[in-house]
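User: I have a protein model open and would like to go through it by question and answer. Where should we begin?

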Amino acid sequence: MKLCVIGTDYVGLVAGAGFADMGNDVVCCDVDREKIARLGRGELPIFEPGLEALVWDNVKVGRLVFSVDVAGSVAGAAAVFIAVGTPPKPSGEADLSSVYAAGATIAPALRDFTVIAIKSTVPVGTADELRRVVLRGARAPFAIVSNPEFLKEGDAVNDFMKPDRVIVGTDDERAREVLRRLYAPFLRTGDRLLYMDNRSAELTKYAANALLATRISFMNEMAGLCDRLGADVDLVRRGVGADPRIGSKFLFPGPGFGGSCFPKDLRALWATAEATGATLEVVPAVLRVNERQKSRIVEKLLHYFGSEIHGRRIAVWGLAFKPGTDDVRESPALAAIDGLLRAGATVAVHDPVALDAARAIYGDRLEYFASNYDAVAGAEALVLMTEWREFRDPDFDRVRRAMKTPVLFDARNVWDPETVRTIGFTYHGMGRRTVVPESAAERESIPNLQWRRSANGRSRRHSARTA
Ligand SMILES: NC(=O)c1ccc[n+]([C@@H]2O[C@H](COP(=O)([O-])OP(=O)(O)OC[C@H]3O[C@@H](n4cnc5c(N)ncnc54)[C@H](O)[C@@H]3O)[C@@H](O)[C@H]2O)c1
């Protein structure tokens, strides 16, 4: 099939390359000339595992091309996918101006019956409005399909090529058939193509993200409670997740959710509800808990160092909002860095791929290191913000020797507290007991600590006075 994808970022680029890989002829277009020029030079605008090969293999055989000529790319396509941004307005509502601008460009370029599929995440009612926009200038019949995208950054290629489900929201039979044929190679096992009306499809995407975010905020709330009660959230998580009605996924506490989707989509869902006069209770609470959670790790550092954090050197591992991406949009790491800078700390950062993205925001206010070991040199604490695989089992002896004081703040609960304690670290997690080293000299160097004797008489654990 001849296809056009409008918007060439995470969703558009992955979808365009994925469709091309299944034998379709795809033009990916964008109004951002610099982005298209970079693609023309063989540079991807984003880091995404597996995407390089998928894109360049299809470019080489001529099935995938890039263009700034949106109208020219639409002409003759059987289906046009809109994958432009829908960023939040200050009110929280989704800004749909790019979606409608794309619609206005598409309309006069239509030559024959064309499916116009909305891949961007858009509020309920957008397909109806887009239909009106396109009708104003259309020269040929068309159908608007709501086809929300569920890929995850960091695993986007895999998600797109092997989707859990494909939602096709339209009542138009011809459009259903076009998308059935297009997605059939991606859905060879099982019945994962779900047809529905436009409005249900639009809401499905928001409901899915809101439910996932709810699990995270709920577990973050439980982690805060564990901090106060002396329970271990990691054990609670395992116990809860063992129930098949609940399942073990998306139950990991951390520094709060970020990225370009969850925060904006929850705000947009809330705004949509308010516009209809409905009151949502859960969604605003999930956002509130998340905002609070984003400051927790810095609160823990401030509690540990007291007012003495000014001028101290703090290392941060991980800047991206999650592993596998260089995307730092609404990353909790940025909230932590902002808090540390406000408190007067010197912040040394490392991320395997997101250093440039952070440099574009902070300039010379941070110290940037290409090596995680260099970043900890002389640091008085190491904060783990993104659970990149290479951070899971680093050479802790080397880290300890490089640091000025061996103190870990693990915002992702990836390190085993007992293991790092035996290497000589003081360990702070989220909803886990703080663990301190064996030696009295090291213990005494720790400010703000109260002691509790364990059953065997060895004092090793922080009391319930953790932050
Ligand atoms: N990033 C994700 O993981 C993800 C996952 C699922 C859904 N989504 C949704 O998909 C949409 C796109 O997100 P993204 O992260 O891929 O993109 P983005 O918002 O980062 O970028 C969108 C691209 O569209 C281009 N664009 C804007 N207006 C245009 C126009 N009129 N014509 C041509 N190009 C135009 C921009 O220049 C930009 O390159 C959003 O609605 C997002 O919520 C994103």
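Analyst: We begin with residue classes: Ala, Val, Leu, Ile, Met, Phe, Trp, Tyr, Cys and Pro count as nonpolar, Asp, Glu, Lys and Arg as charged, and the others, Gly among them, as polar. Keep in mind that this is a predicted model.

User: By class, how many residues of the shell around the ligand are polar?

Analyst: The ligand is surrounded by 25 residues, and V11, D30, K35, T86 and K264 are the closest. Sorted by class, the shell has 9 nonpolar and 9 charged residues, and the number of polar ones is 7.

User: Which residue has a polar side-chain atom 2.6 Å from an oxygen atom of the ligand?

Analyst: Two residues make contact through the backbone: a polar backbone atom of Y10 is 3.2 Å from a ligand oxygen, and one of V11 is 2.8 Å from a ligand oxygen. The side-chain contact at 2.6 Å comes from K35.

User: How much of the ligand's accessible area does the protein cover?

Analyst: On its own, the ligand has 830 Å² of accessible area. The share of this area that the protein covers is 88%.

User: Which residue forms a salt bridge with R38?

Analyst: A salt bridge needs a side-chain nitrogen of Lys or Arg within 4 Å of a carboxyl oxygen of Asp or Glu. R38 is also part of a network of salt bridges that links E34, R38, R41 and E43. With the closest N and O atoms 3.0 Å apart, the partner of R38 is E43.

User: Is D159, the salt-bridge partner of K152, buried or exposed?

Analyst: The closest N and O atoms of K152 and D159 are 3.0 Å apart. K152 has a relative accessible area of 39%, so K152 is partly exposed. Buried means under 20% relative accessible area. D159 has 15% relative accessibility, so D159 is buried.

User: In which helix do D128 and R131 both lie?

Analyst: The side chains of D128 and R131 form a salt bridge, at 3.2 Å from N to O. The two residues are 3 apart, about one turn of the helix. That helix, residues 126–137, is α6.

User: Which residue with a positive phi follows α14?

Analyst: Helix α14 spans residues 332–342, and its buried residues include P332, L334 and I337. The buried residues of α14 pack against α12, α13, β9, β10 and α15. After α14 comes a residue with phi near 90°, namely G344.

Terms used: Residues are numbered from 1 along each chain as its sequence is written. This is a predicted model: local features need pLDDT of at least 70, side-chain atom pairs count only at pLDDT 80 or more; totals for chains, interfaces and linings use all residues. Side-chain values use heavy atoms; hydrogens and water are left out. Helices (H or I, at least four residues) and strands (E, at least two) are DSSP runs, numbered from the N terminus. Buried means under 20% relative accessible area, exposed over 50%, partly exposed in between (1.4 Å probe, protein chains only). Contact means heavy atoms within 4.5 Å. A residue is near a molecule or strand if one of its heavy atoms lies within 4 Å of it. A polar contact is a pair of N or O atoms within 3.5 Å; within protein, one must be able to donate a hydrogen and the other to accept it, and residues adjacent in sequence count only if both atoms are side-chain atoms. Accessible areas come from the Shrake-Rupley method with a 1.4 Å probe; for residues, only the protein chains shown count as cover.
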